[in-house]
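Student: I would like a close look at a single part of this structure. Could you pick one strand, walk me through its surroundings, and then connect it to the rest of the chain?

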Amino acid sequence: MTEPILTLDGLEKNFGALRVTDKVSLDVLPGEIHAIIGPNGAGKTTLIGQISGSLRPDKGRIVFLGTDVTHLPMDKRAKAGLARSFQITTILPEFTARENVALAIQARQGHSFHFLKNVSRDEALNAEAGRYLTDLGLGNRADVHAGALSHGEKRSLEIAIALASEPKLLLLDEPMAGTGREETDRLVDILNRLKGRYAMMLVEHDMSAVFALADRISVLVYGAVVATGTPEEIRNDPKVREAYLGEEAA
Amino acid sequence: MSVAATDKPAVATPIFRARVLPAIILAGFALLPPLAMALDDSFLVFFAIRVMIFAIAAVSLALILGFGAMVSFGHAAYIGLGAYCVGILAEHGIWEFYISLPVTLLVCGLFAAVTGAISLKTRGVYFIMITLAFGQMAFFTATSLSAYGGDDGLTIWGRTEVFGSSVLSDRTTFYYVVFALLAGAWWLCATLVNSRFGRVLQGARQSEMRLQAIGIEPYYYRLVAFVIAGMLAGISGALLANSAEFVSPAYMTWHRSGELIFMVVLGGLGSFAGAVLGATGYLVLEEVLSHITEHWRLIFGPFLILVVLFARGGLMGLIPGGKRHD
């Protein structure tokens, strides 16, 4: 057995009386895309928040690369190799696309208490940032302010930023949210290319994207995992069809 | 996008604003003493010294306010602290700059480190209120220093000495010392914001979450910027004490802090040239209006409101070379 990259062990989270994460246990294996699906309000984003460190679980453990990271803050988890994209695009709008990516590279290279050298003239850094952007199809948009990019380009930029920190696990929170058909297809292509190089946890509403990409799928309903399996198993699971897919097909 | 747009990083300020304008401003200050001599107007030199001293404080505030979005409402405390360092040391017979300057930097740096470490745990209005509270603490401490004049302040019988010589008593020499310190503070801050450190500081202003998600906790970077700004404002205070040969708690009242914020906003957020122009514009306007009428604040107040409402981008927004992207 290969060691999982990420293991969630009995995670629980309550917002007041509302249980948003209900004894969630699952793992992500090396090179695998593990998708999380579920109806609106199933607690998918809350779960991603707990894994990335922006939310604290009430109970349970999160083990990343063999280390318990349950109580580590977000920046420490990121340093350990956990990169995420956000459901609501979170980029630095006043910086260019290149500067956004360069900052992630800079963060990976160590602390940023360098006060004198002009960072925009750091050619090695700029070139490396350019390579990540080219990889994501943003090569000719590198020096445009991130705030002026199209929605789809912003989604790609977020992935470029995440890749620039050379993560061991990519947490993608609805990367296709709000994109058109064409952009979605492009993002699916990109993620397919990255598949195998990075372990990924993918939260996504777009069912065709999920079934095209995922190695395994877990279905979250009211905060609890009701099923985990291959896309084929999930497609044929009567519980899942009732709880979720039926609603989509209607 | 055109090819030209990909050649140059869009964040680099156009050459005029980054190089030419600062050079024009500094040249203006450099040439002022001979000009004043030709006009036989010694008040002009005296006034320009005051402008440059406040410009140093405004530049330091612009570093944290304009680039780090830290609206410190207690920045005048550092002017007061710097001034009191000079005044209290002089009261004990210590006049040498090589003692008073390090002491000023140390005291202001420590005060900034301690109050910043606490204040930076908060955001927005809470940050404004807590920096205001620390500023008022410094103010009331100064008023209670009865050994050093208390409310009435403290007269300093001379100026800081340089290895036993009182060269700073010469107005023109003092002018150029202040000038050099303004140029130095400006260069330092401009260098900082263009460094890796500065990129973190500016990134944190746009999205704290994004920085944490790539492995950077902005808190420590903000704190370092806060301490640097406090030390620079302390230097301006030490100069103010020398210029006036007097120290008073009035240097650190909260409306002084408000004036500093206004200077930075008047000049235009996100530009050090703006902070210098803002300090100049503010003090010139105050000087001119107070000569016209005793009720000059009735004109000054509404004017400030109009600037905030209609001239977003401040004085820098009126200057060619493209607006900053925000």
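Tutor: Happily! Let's take strand 8 of chain A, residues 199-203, which is mostly covered: five of its five residues are buried. Please keep in mind that this is a predicted model.

Side chains in a regular strand alternate between the two faces of the sheet, so it is worth looking at each face in turn. On one side of strand 8 of chain A sit A199(A), M201(A) and V203(A), and on the other M200(A) and L202(A); all are buried, and both faces are thus covered.

Now for the strands that pair with it. Strand 7 of chain A, residues 169-173, joins strand 8 of chain A through five bridges in the parallel sense. In this pairing, L169(A) is found opposite A199(A). Between strand 7 and strand 8 of chain A the chain passes through helix 6 of chain A, making a right-handed β-α-β crossover. Strand 3 of chain A, residues 33-37, also pairs with strand 8 of chain A in the parallel sense, here over four bridges. There, I33(A) stands opposite M200(A).

Helix 6 leads on to the domains. Chain A is divided into domain 1, made of 1-81 + 168-250, and domain 2, covering 93-166. The centres of the two domains of chain A, taken over C-alpha atoms, are 26 Å apart. Their contact draws eight residues from domain 1 of chain A and seven residues from domain 2 of chain A. On the domain 1 side, helix 6 of chain A (residues 181-194) supplies the largest share, three residues. By class, that side of domain 1 of chain A has five nonpolar, two polar and one charged residues.

For another piece of chain A, turn to an open sheet of four strands, with antiparallel pairing and the order 2-1-4-5. Strand 2 (18-28) and strand 5 (67-68) of chain A are its edge strands, each pairing on one side only. Within this sheet, strand 1 (residues 6-15) and strand 4 (residues 59-64) of chain A run antiparallel and are joined by five bridges. D9(A) is opposite R61(A) of strand 4 of chain A. Helix 1 of chain A, residues 44-52, lies across strand 1, strand 2 and strand 4 of chain A, and runs at about 60° to strand 2 of chain A.

Technical notes
Residues numbered from 1 in each chain as written. Chains lettered and ligands numbered in written order. Predicted model: local features only at pLDDT ≥ 70, side-chain atom pairs only at ≥ 80, totals over all residues. Pairing = 2+ DSSP bridges. Helix = DSSP H or I, 4+ residues; strand = E, 2+ residues; numbered from the N terminus. Contact = placed C-beta atoms within 7 Å. Axes fitted to C-alpha atoms, helices over the stretch in contact; angles between N-to-C directions. Domains from an automatic or database assignment. Nonpolar A, V, L, I, M, F, W, Y, C, P; charged D, E, K, R; others polar. Buried ≥ 20, exposed ≤ 12 C-beta atoms within 10 Å, placed from the backbone. Right-handed = clockwise from strand over helix to strand, strands pointing away.
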